[in-house]
Amino acid sequence: MKQEQRETVPLIPKGMELRGILQGYEEAICQIAWSPDGKMIASPSLDGTIRVWDAESGKESMVLTGHQGAVYSAAWSPNGQRLASGSEDKTLRIWDVKTGETIFVLDEHKGPVYSVAWSPKGQGLASGSADKTIKLWKINKRTKQQICEYIGHSNAIYCLAWSPDGALLASGAEEPDNMLRLWDVKTSDVPRILNGHTCGIFSVVWSPDGRVLASGGGETDQRIMVWKRDSELPENILEGHTGKIWSLSFSADGRLLASKSHDSTVRLWRTDTWQEAARLQEPSSLTDLAFNPVLPVLATPGEYDQNIHIWDLKYDLILNSSELAEPVYYQNAKVIMIGDTESLQSLLTAENMVKPVDKLHIWSFEMKEEYSKDSPQEIREILFRELSGDPNYQLDHRMELNGAALILMVLKTPVEKNQFDGIQLWIRTIAQAQNRQSNLTKVLKKFLIVIKKTTDRNSTSDEYIRKTKEKMRFDGFFEIDPEKTERLKKLSNAICESIAWNALPRTTSTKIFQQIQEFVLNEKKDGRLLSTTEDLFRIFCKTYPDIQDNELKSKFDTSIFYLQNHDLVRFLYEKHFILFQPEVFRGYASSIINAAAQDPEKMGSIAEEKTLNGIFSIPEKLKISNKSIEKLILYPVIEELLFHELVFKEPTGDGAYFVFPSQFGRDLEKKALIIKGRSTIFRFRGALQNIYTTLVVRLANTKLFLTERTDMGQNAVIYNDRDGGACGIHLQKKKWEGELTLFYAKDTSPVTRFLFEEFIFRHLKRHGVSKIKRLFVCQHCGSTIQKDWAEGRLSRGYDQIECGKCGESVSLSLPKEQLKKMLIQIARMDEYADKAREYESLEETLRRKEENKEFDVFFSYNHKDQAAVIKIGKELKKWGILPWIDLWYILPGQSWQKEIEKQIKNSKVVVVFIGPNGLGRWQDKEYMAFMRKSVECGGRVIPVMLPDFSKKPELPSSFLEEFEWVDFRKIEVEYDPLKQLIRGIEGK
């Protein structure tokens with residue numbers, strides 16, 4: 001078979017001509033912002049300044065100074081008279097562009113401000129921050145006022161974009177917040193959520209006519225998604241980049257979409273066919289790009305992100321260019337199978353109606369559509385996914401429903417009660433998803449399939465089936481007799497005809513991506529479980545020797561990410577391993593959760609040692625017999641459970657335990673406190689158990705509210721605060737709605753109550769719940785205060801109300817003078833919870849690395865500087881990075897020279913420490929040995945300047961002068977030496 005050859009792409013495509021370069025920066029540029037008339041450019045920088053340029057002459061007009069840290073974003077007001085900027089110093093500044101003076105400083109954010117955007121009419125300004133909030137400001141000539149705060153994202157907000165009519169504000173945030181949010185600024189503070197990305201979102205932009213929205217995915221996604229304004233599923237998905245998408249911009253006429261990626265390319269996409277039209281090789285890997293809002297001109301970052309290239313574009317040449325290879329179009333329809341899926345699978349495969357994608361749970365129909373000579377082929381494939389009805393089987397059911405086109409609920413007679421209960425769970429989950437996503441109702445269809453012999457007569461089964469049909473309006477009902485194939489063929493045809501292809505995303509890809517994915521899927525079909533990425537890539541190169549491409553490894557890794565996005569494979573251990581059967585991963589996660597539910601004391605926990613040694617029950621078809629491979633799977637499973645806040649770790653005298661709040665089977669012993677101490681009730685809708693579980697874990701991780709297993713019960717938990725008080729939550733599920741009651745001991749302070757309540761309120765908001773009611777309860781008699789009365793008192797400035805039953809005062813809020821201080825503390829609690837989640841996950845990562853001796857970096861140092869080096873080593877371990885330090889790992893009696901040689905041979909990164917005592921006796925030999933090794937197979941040297949001395953020493957080996965140093969003598973707001981060292985070790 002003829003192999004795909006390397007695509008030859010010119011450095012500068014036809015239709016692009018470099019007009020000029022704006023230069024003068026010593027630090028990287030963070031953004032490129034055109035003025036509304038297209039005559040000026042503002043460029044904020046890491047150096048803390050904003051430079052304003054005349055785009056026509058290329059001359060610098062002014063430098064705006066005032067921020068006390070890096071400036072990440074800038075936006076022009078619609079009339080071009082003002083400029084807004086957001087900075088590392090947690091402030092926004094509004095500038096007068098004529099004078100260069102600061103008009104306002106807005107300092108309400110609790111974290112760096114990464115994104116700012118003016119509303120189209122110019123009076124509204126939106127800002128997104130690392131504090132996970134979006135603030136809306138009203139800016140007049142002489143006044144500024146915060147008019148609204150949007151809470152919903154669970155991580156730092158990196159991008160904002162107003163629709164051209166000013167009705168919607170789009171926002172995206174860093175991982176693990178992978179959802180695009182659309183805020184209706186007039187009617188609601190509950191956003192419409194767009195699911196599709198599997199990683200953080202770093203760029204979002206509207207088309208000039210406001211009909212289309214484009215968003216760019218992060219490091220493990222690397223795709224561009226194109227959404228219609230009123231859709232909740234992407235219309236098109238663009239594949240091609242091999243790095244995270246930093247920036248997107250539409251041309252003024254809407255015919256082109258430009259994208260800038262970490263892969264050092266700028267790509268132009270036609271918006272009629274979504275085919276890649278041009279590709280520009282740029283040496284920069286970060287920052288922004290922007291089309292001129294009036295002219296056919298594009299501004300892109302130059303070399304090292306320290307200058308700006310201005311390109312004149314000839315659209316007709318670009319749109320009609322044939323420099324790039326023909327694209328491949330494909331669509332995937334996801335069909336979820338629930339219930340007795342094995343019976344249906346065996347019937348379908350026996351009749352060759354589906355082909356297996358793997359040996360566990362995925363099969364497919366493939367249909368190819370031929371177009372005319374001028375149009376490429378489109379591949380359509382239906383992927384069948386087998387899911388269990390067990391509520392613990394999936395980490396988040398809503399994610400499985402995202403993008404699903406059809407659900408097959410399979411019952412086999414005789415129907416058992418546990419099978420029926422599993423179907424009931426999914427009926428509830430689907431109804432919640434459809435209630436939340438109106439577009440899902442238009443796309444998603446549901447079939448009820450009963451596998452039943454004609455001779456089978458069972459009244460109990462018939463009753464279960466009748467109840468299931470009544471609970472949900474099915475789009476199809478099929479009774480399948482295993483001995484009669486005509487009904488099976490009828491079902492097969494109905495499945496194919498039911499797919500609403502026009503409503504599902506169409507992906508634009510390349511032949512080489514398709515070729516790599518086909519190779520990986522063939523390995524998957526052969527039953528492989530695990531492989532190193534290097535081995536699999538080596539096999540691919542041997543299988544396809546004619547493919548010559550300098551970027552082949554990057555494309556190979558990106559193809560794995562694309563397959564991972566469809567849950568067909570999974571990267572493990574920072575892309576070192578590929579797991580071909582992701583169902584095994586989820587099966588182990590589910591089994592661990594189920595094992596916690598089987599705790600004899602009904603305390604929802606399992607010992608860490610048992611977990612990591614696989615001492616728990618797991619379904620036979622998922623069980624890995626090889627213990628060493630099983631352990632390779634178990635560590636990342638635990639890391640993921642911790643990262644998703646489904647569990648927290650509790651140290652005890654007999655070892656640590658993993659505690660799952662969702663799995664408690666006992667009643668809380670202190671039930672009286674729940675009844676007597678009721679204070680506030682939240683009613684909300686959403687994924688009730690998931691929201692409750694993550695809330696319990698996050699509260700425990702704040703370290704302000706402490707709990708342990710003895711203070712937890714089924715859907716209830718008590719926290720002790722540091723001042724001696726007690727707070728608690730109790731969840732009651734009422735059909736589709738949850739009622740979360742907050743309760744307190746009498747000696748709990750008002751400040752503690754406020755922090756507890758406000759933290760919970762914000763947690764509910766961040767989970768995008770569709771409905772929240774905040775009720776106030778008299779702590780003295782337990783009566784609920786009428787909602788409109790409480791709101792009326794609050795609107796008139798009162799912070800208390802008298803209970804209508806007993807006459808006692810009920811607190812409604814803290815005094816205003818305390819409020820700002822408390823909100824700062826809430827932000828800190830959130831930060832502590834995030835760090836605790838990361839640290840617990842990294843703790844498991846570190847344990848795995850130490851057990852397997854997987855060192856990230858080799859430390860070369862003078863032993864006289866040992867104390868400072870050990871301190872840095874301990875700090876790195878907190879971040880999951882394991883350094884090899886001779887003092888820690890050379891045992892008495894071992895040959896230290898042989899051990900050092902061995903570690904240098906195995907290390908990809910060496911840190912050379914230089915302190916006040918200069919180089920050690922053996923340091924020169926150590927790093928020279930590493931340099932010889934790095935020439936042969938690659939590697940990095942990171943010179944580090946230790947603190948406690950005033951000047952850089954003279955070095956006998958001059959090669960260290962060629963490398964970028966990390967300086968621990970320099971600690972500033974914009975320079976954290978530990979973070980710089982981590983970036984260097986991880987290569988990011």
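These legends walk through a predicted model, one close-up at a time.

Local features are described where pLDDT is at least 70, side-chain atom pairs count only at pLDDT 80 or more, and totals for chains, interfaces and linings use all residues. Residues are numbered from 1 along each chain as its sequence is written, and side-chain values use heavy atoms, with hydrogens and water left out.

**View 1. The whole protein holds 23 helices and 57 strands.** Helices (H or I, at least four residues) and strands (E, at least two) are DSSP runs, numbered from the N terminus. Of the 988 residues, 57% are buried; that label means under 20% relative accessible area, with exposed over 50% and partly exposed in between (1.4 Å probe, protein chains only). Take the contacts (heavy atoms within 4.5 Å) between residues at least 6 apart in sequence: 61% of them join residues at least 24 apart.

**View 2. Here is an open sheet of four strands, in the order β10-β11-β12-β13.** The pairing is antiparallel; two strands count as paired if DSSP finds at least two bridges between them. Strands of a sheet pair through backbone hydrogen bonds, either parallel or antiparallel. At the edges sit β10 (113-118) and β13 (144-151), each with pairing on one side only. On average, neighbouring strands of this sheet are turned by 20° against each other, direction ignored. Angles like this run from 0 to 180 degrees between N-to-C directions, and axes are lines fitted to C-alpha atoms, for helices over the stretch in contact. Zoom in on β10 and you find five bridges to β11 (residues 124-129), with Val 113 standing opposite Ser 129 of β11.

**View 3. Strands β14 and β15 make a hairpin with five residues between them.** β14 (residues 157-162) is mostly covered, with five of its six residues buried. Five bridges link β14 to β15 (residues 168-173) in the antiparallel sense. Look for Cys 159, which stands opposite Gly 172 in β15. In this hairpin, Gly 166 takes a positive phi near 75°.

**View 4. Another open, antiparallel sheet of four strands runs β22-β23-β24-β25.** Its edge strands are β22 (245-250) and β25 (276-281), and each pairs on one side only. The average turn between neighbouring strands in this sheet is 20°, direction ignored. β24 (residues 265-270) pairs with β25 through five bridges, antiparallel, and Trp 269 stands opposite Glu 276 in β25.

**View 5. Helices α8 (residues 511-525) and α9 (residues 533-543) cross at roughly 115°.** Their axes come within 11 Å. The two helices are therefore roughly perpendicular to each other (65 to 115 degrees; under 35 is roughly parallel, over 145 roughly antiparallel, and the rest oblique). The crossing is right-handed: the near helix is turned clockwise from the far one by less than a right angle, while anticlockwise would be left-handed. From α8, Gln 515, Ile 516, Phe 519, Val 520 and Glu 523 meet Leu 536, Ile 539, Phe 540 and Thr 543 in α9.

**View 6. Helices α19 (residues 866-878) and α23 (residues 977-986) pack at about 70°.** Their axes lie 11 Å apart, and α19 passes α23 in a right-handed crossing. On the α19 side, Ile 872, Glu 875 and Leu 876 make the contact; on the α23 side, the residues are Leu 978, Leu 981, Ile 982 and Ile 985.
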